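Visitor: I should like a close look at a single part of this model, namely one helix and the partners against which it packs. Please then place that part in the context of the chain as a whole.

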Amino acid sequence: MLLYLWAMKKIFPLIILLITLSLLGIIVLQVSWFRDMIILRQQQLYSKAEEATTEVALELSKQASSAPYLKIPRKPNLSLLPEDYPMSFERPTISQHYSNFEIREKLQRSFNLRNLKEVQFEFAIASNSNLYNIEMQSENFRTEVLDEVHNKQIIVPVVPDTGSLLEGLVPYEHLIVIVPDFKTQVWQSLMWMIVGALAFTIIILAAFALTVYTLLRQKKLSEIKSDFINNMTHEFKTPLATISLAVDALKNDKVQQNPEKMQYFSGIIKEENKRMNKHVETILQAALLDRQELNLDMKKVKATPIIEKALNNYQLQLQDKNGKVEMHLKAKNDEIIADENHFTNMISNLFDNAIKYSKDNICIKVFTWNTGKFLQIKIEDNGIGMNKETTKRIFEKFYRAHTGNIHNVKGFGLGMSYVKTVIDVHKGRIKVDSTLGKGSCFTVEVPLADEEQ
Ligand code: ADP
């Protein structure tokens, strides 16, 4: 059993650790896999583009090997002088034989064949005398050729396939292809994969966060449940034990003959019975609040007598702790629309806590005053106070400040959530100010009856 409990306690952090590790593993693997894939894609794109360029260069070289022809240089002006027509038998250059459009078509076809349809490229034909002497070029070639950082250049010689003795001696032209923004184009080709992987990683992370959140909630709920059972057992066990002792005493002959003692012990039984009834009420109230079945009987009531009546019920407890109360009920208008029963309970809960969470020599100050259309009620104590975390969470159902060295007062953690619900249904507001070790101050604001109508 102990081993099982230990395992259950450890299993939660273990699950989180395992999931975190596997998630980190998946992310690291994915990143390295993408890096490798991008490098591979770059190599692939380069070699395919090179293949396509070589194929076109080969095609062009066949043309270059065709029979020499009579070359008549083009002249812009129409001169009739015979020296302007030097005729020579030379192979025609590629730019003389093909148009820019034809070369682009050939290259595009070759690119398409290798699944590079989307890849953009620029091209040029360099003259046979000099690589920098461009005979023909595509529209953006000149600008792209300058950017050697981002672009990839492929230069393939167009060697004439003469089959003659001249082969190797004849100077040849070059086909230059540039793939602009090479890396960007590779990234773009992988875009959907990257977006998909990212989206699924985010989904997995969200699912993980949700799982952890649910597990933590479950854990908290189970803690709340066991706390509640512990508190309830304690709260009922004490009066039951006292009643049992009182009943034993009542059975005693000596006691039976003494009416004063009889009165005393039956009084104890009555008191403890009241206490248990109060606990049952609190739990039932919480259940009602859960089902939102708060039966309200709203009518015009005066708040001052309600506050005084509620405080009266705590006289004994105050005496026990050597307490005093200062009343500053200065509100000129204290008429509100309220359910008297729930409103009284709400004020009682605030007094109850002020006494419960205080050491001896309690001083409770109660103020009422008007601000505009509201009645303000302030209950201040000089008790143990609360830290920031508690003040923030005080209205959560079942929430109780950690006991230990702060206080060992038992309770169900239901009182303040009831207070908040009652104030909400009265369209009011509650504010808490507290300093640990110094005391707490609760300010309740409820709309005045005149303003409600
Ligand atoms: P319970 O008193 O049964 O524990 P409550 O809902 O009434 O439940 O209060 C919730 C928690 O708020 C308490 O456990 C206590 O820590 C804190 N608290 C409430 N009122 C006071 C107060 N006046 N002074 C100090 N702590 C308080």
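Guide: In this predicted model, the contact of H11 with H13 is formed on the H11 side by His342, Phe343, Asn345, Met346, Asn349, Leu350 and Asn353. The residues that H13 contributes are Gly415, Met416, Tyr418, Val419, Val422 and Ile423. Sorted by class, this contact comprises eight nonpolar and five polar residues, and no charged ones. H13 spans residues 415–425, and its axis comes within 9 Å of the axis of H11, the two crossing at roughly 145°. The handedness of this crossing is left-handed.

H11, which covers residues 340–356, also packs against H9, residues 303–312. Here the axes lie 9 Å apart and the angle is about 50°. H9 and H11 are therefore oblique to each other. In contrast to the left-handed crossing of H11 and H13, H9 passes H11 in a right-handed crossing. From H9, the residues involved are Ile306, Ile307, Lys309, Ala310 and Leu311; they meet Glu340, Phe343, Thr344, Ile347, Ser348 and Phe351 of H11. The classes in this contact are seven nonpolar, two polar and two charged. Phe343 thus appears in the contact with H9 and also in the contact with H13.

Phe343 has a further role in the packing. The largest nonpolar core holds 39 residues, and those touching the most other members are Phe343, Met346, Phe351 and Ile364. Two or more residues each come from H9, H11 and H13, and likewise from the strands E9 (335–339), E10 (363–371), E11 (374–380), E12 (429–435) and E13 (439–447). H11 supplies the largest share of this core, seven residues. Of the residues named above, Met346 belongs to the contact with H13, while Phe351 belongs to the contact with H9.

Isoleucine 364 deserves separate mention. Apart from neighbours within four places in sequence, isoleucine 364 is in contact with Phe351, Ala354 and Ile355, and also with Leu318, Lys324, Val325, Glu326, Ile379, Glu380 and Asp381. A second core, separate from the one just described, has 31 residues, among them Leu45, Leu60, Ile103 and Leu190.

Beyond H13, the chain enters the loop between H13 and E12, where lysine 427 is found. Lysine 427 has a positive phi, near 55°, although it is a residue other than glycine. With a relative accessibility of 61%, lysine 427 counts as exposed. Another non-glycine residue with a positive phi is aspartate 181, at about 45°. Aspartate 181 is placed in the loop between strand E6 (173–179) and helix H5 (182–189). The relative accessible area of aspartate 181 is 38%, and this residue is partly exposed.

A helix pair elsewhere in the chain offers a comparison. H6 (residues 191–251) and H8 (residues 259–290) pack with their axes 9 Å apart and at an angle of about 160°. H6 and H8 are therefore roughly antiparallel to each other, and H6 passes H8 in a left-handed crossing. The contact of H6 with H8 contains 17 nonpolar, five polar and three charged residues. Lysine 220 is located in H6 and is partly exposed, with a relative accessible area of 36%. Once neighbours within four places in sequence are set aside, the contacts of lysine 220 are Arg393 and Glu396.

A loop residue may be added to this picture. Leucine 131 sits between strand E3 (122–126) and strand E4 (134–137), and its relative accessible area of 31% makes it partly exposed. Not counting residues up to four places away in sequence, leucine 131 touches Ala126, Ile155, His174 and Ile176. Between leucine 131 and leucine 175 the C-alpha to C-alpha distance is 9.6 Å, at a sequence separation of 44 residues.

Finally, the chain as a whole. It contains 14 helices and 13 strands, and 35% of its 453 residues count as buried. Among contacts with a separation of 6 or more, 69% are between residues 24 or more positions apart.

Technical notes: Residues are numbered from 1 along each chain as its sequence is written. This is a predicted model: local features need pLDDT of at least 70, side-chain atom pairs count only at pLDDT 80 or more; totals for chains, interfaces and linings use all residues. Side-chain values use heavy atoms; hydrogens and water are left out. Axes are lines fitted to C-alpha atoms, for helices over the stretch in contact, and angles run from 0 to 180 degrees between N-to-C directions. Helices (H or I, at least four residues) and strands (E, at least two) are DSSP runs, numbered from the N terminus. Angles under 35 degrees count as roughly parallel, over 145 as roughly antiparallel, 65 to 115 as roughly perpendicular and the rest as oblique. A crossing is left-handed if the near helix is turned anticlockwise from the far one by less than a right angle, and right-handed if clockwise. Contact means heavy atoms within 4.5 Å. Ala, Val, Leu, Ile, Met, Phe, Trp, Tyr, Cys and Pro count as nonpolar, Asp, Glu, Lys and Arg as charged, and the others, Gly among them, as polar. A nonpolar core is a set of buried Ala, Val, Leu, Ile, Met, Phe, Trp, Tyr and Cys residues joined through side-chain atoms within 4.5 Å. Buried means under 20% relative accessible area, exposed over 50%, partly exposed in between (1.4 Å probe, protein chains only).
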